[in-house]
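Morning, everyone. Have the sequence and the model open, please, and follow along.

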Amino acid sequence: MSEKEIKNLEEIFEARIARDEKIEPKDWMPEKYRKTHIRQISQHAHSEIVGMLPEGNWITRAPSLRRKAALLAKVQDEAGHGLYLYSACETLGISREEMYEQLHTGKAKYSSIFNYPTLTWADMGAIGWLVDGAAIINQVPLCNTSYGPYARAMIRVCKEESFHQRQGFESLLTLCKGTPDQKNMAQDALNRWWWPSLMMFGPTDDESTHTEQSMKWKLKRKTNDELRQQFVDQTVPQAEILGITIPDPDLKWNEERGHYDFGKINWDEFWQVVKGHGPCNKQRIKDRVSAWEKGAWVRDAAIAYAEKQEKRNQEERKAS
Amino acid sequence: MKKNWPLWEVFVRSKNGLEHRHFGSLRAADAEMALENARDVYTRRMEGISIWVVESKDITASNPENNGELFEPAQDKVYRHPTFYELPDELKHM
C-alpha cells in the first residue's frame, strides 16, 4: 500500500471510532492501534493473573468458611478475567505463549499495586475495598472502548468486580467493629494500601504520555488525575463509615472545588516499583514462573492424551 | 517439540428458548477439556444451561474486505421490507 492509501484508511478508521463504531479483529487497523491495544490488554491480563498471588497467600488462613469461600471465588474470578483478556488480546495476532513469555521475562508490565506484600488478614479487606475500588473506576469506561473484543471482556469483568469490592468492605467493617486489636489491624492495612492505591491511576496528567491518543481510541475517557480525584471523593466517606483514618494530613474537603484536596503522592516510590524495585516484584515473577514451569508436564500430558484419543477415534471410524 | 493447546470458541445458551450465543474463547487440549474449562470460565454465576465448544480453526469467517460485495446488494432491495408497499388507510390490519 502507498503512504497515501494508508493515510486514507487511517482517516476512515478514526472516523469510524469517532462515530462510536466498534473495531473487530479482522478489520483493517493502523499498526499503532494494534500495538497499543496489545500492550494495554496484555498488561491488563497479566495484572489479573499476578493479582491472584497476594491473595492466594491468605486462602488457607481465612478466619471463617464464609470468608474463605468469598476469597476463593474472588481469586477464581481473577483467573477468569485474565483468561477473557488473554483471548481478547490474541485476536490482535499475538500468541498466548508470547504474552506469557513477556510477563515471565519482565518485558511486560502489570499493575504495580501487586508488588506490595499482604502482611495481615486485614489486607484482604483493604485490597477488595481500595484496590478493586480503584480498578472499577479505571475499568468501567473501558466497557465502551473502541476495540470490540476488549469492550466485551470488560463488560464481563465489571459485572463481576462489584462483589470483590463489597466483600472487602464487609470484611474490613467486621474488623473495625471487633476488638481494638482488630480495628488496629484494619487501620494498619489502610495506612499501607492508601498511597499505592492512589498510584494505581498512573502518573499525573502533565507526566502522562499516552493520554491524547488513548482518549481518541476510547481507551481512556477521563484523565488519570480526574479518575484519582473521583476515587478519593468516593472513598473518604467510606473510611468514615469504617471509622478508620486515611493516612494523609493534607486531606480535606474543598468547598470551592467541590472535591477533597489531598497530599502529594510519592512519585519516586511509584517509579521505583514500576522499574522493578518494589518490595515483591521479584517474588511475584518467581512464583508465576514457578507455577508455569511446574504445570508444564500437565499441559504436555493433556496434549498427549488428546492426540491418543483422536488416533483411537480415527481407527474406530475406519474399522466400522 | 513443544505443542500448545488449541483455541476454542464457546457458545452458551443462557436459558431454554434462547439460542446459543458466542461468549468468548479459551485454550484447551481437547473438546472435553474445552467444555469443562468453559463451564469454569464462562458460567460461574448461572449464566448458562448449555454449552457448545468449537475449535476456532474449524470456523470459516467472511472477510470484512469483502463486505461490499457480500452485504451491500441488500441495501437497494427495499421491496423486501413490508413498509415498501403502499396500502390504503382504511386497511386497518395487515
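Strand β1 of chain B, residues 7-13, is joined to β2(B) by seven bridges, and the two run antiparallel. Strands here are DSSP runs of E, at least two residues long, numbered from the N terminus, and two strands pair if DSSP finds at least two bridges between them. Within this pair, Arg21(B) of β2(B) is the residue opposite Val12(B).

Before going on, the ground rules. This is a predicted model, where local features need pLDDT of at least 70 and side-chain atom pairs count only at pLDDT 80 or more, while totals for chains, interfaces and linings use all residues. Residues are numbered from 1 along each chain as its sequence is written, chains are lettered from A and ligands numbered from 1 in the order written, and side-chain values use heavy atoms, leaving out hydrogens and water.

Back to chain B. The order β2-β1-β3 makes an open sheet of three strands with antiparallel pairing. Its edge strands are β2 (20-27) and β3 (50-55), each pairing on one side only. On average, neighbouring strands are turned by 25° against each other, direction ignored; the axes are lines fitted to C-alpha atoms.

Now the cysteines. How many disulfides does the structure hold over all chains? Zero, a disulfide being a pair of cysteine sulfur atoms within 2.5 Å. For Cys89(A), the nearest cysteine sulfur is that of Cys143(A), 17 Å away. Cys89(A) is also buried, at 0% relative accessible area; buried means under 20%, exposed over 50%, partly exposed in between, with a 1.4 Å probe and protein chains only.

Why is Cys158(A) not bonded to Cys143(A)? Because their sulfurs are 3.6 Å apart, too far for a bond. Cys158(A) is buried too, with a relative accessible area of 18%.

Technical notes. Helices (H or I, at least four residues) and strands (E, at least two) are DSSP runs, numbered from the N terminus. Axes are lines fitted to C-alpha atoms, for helices over the stretch in contact, and angles run from 0 to 180 degrees between N-to-C directions.
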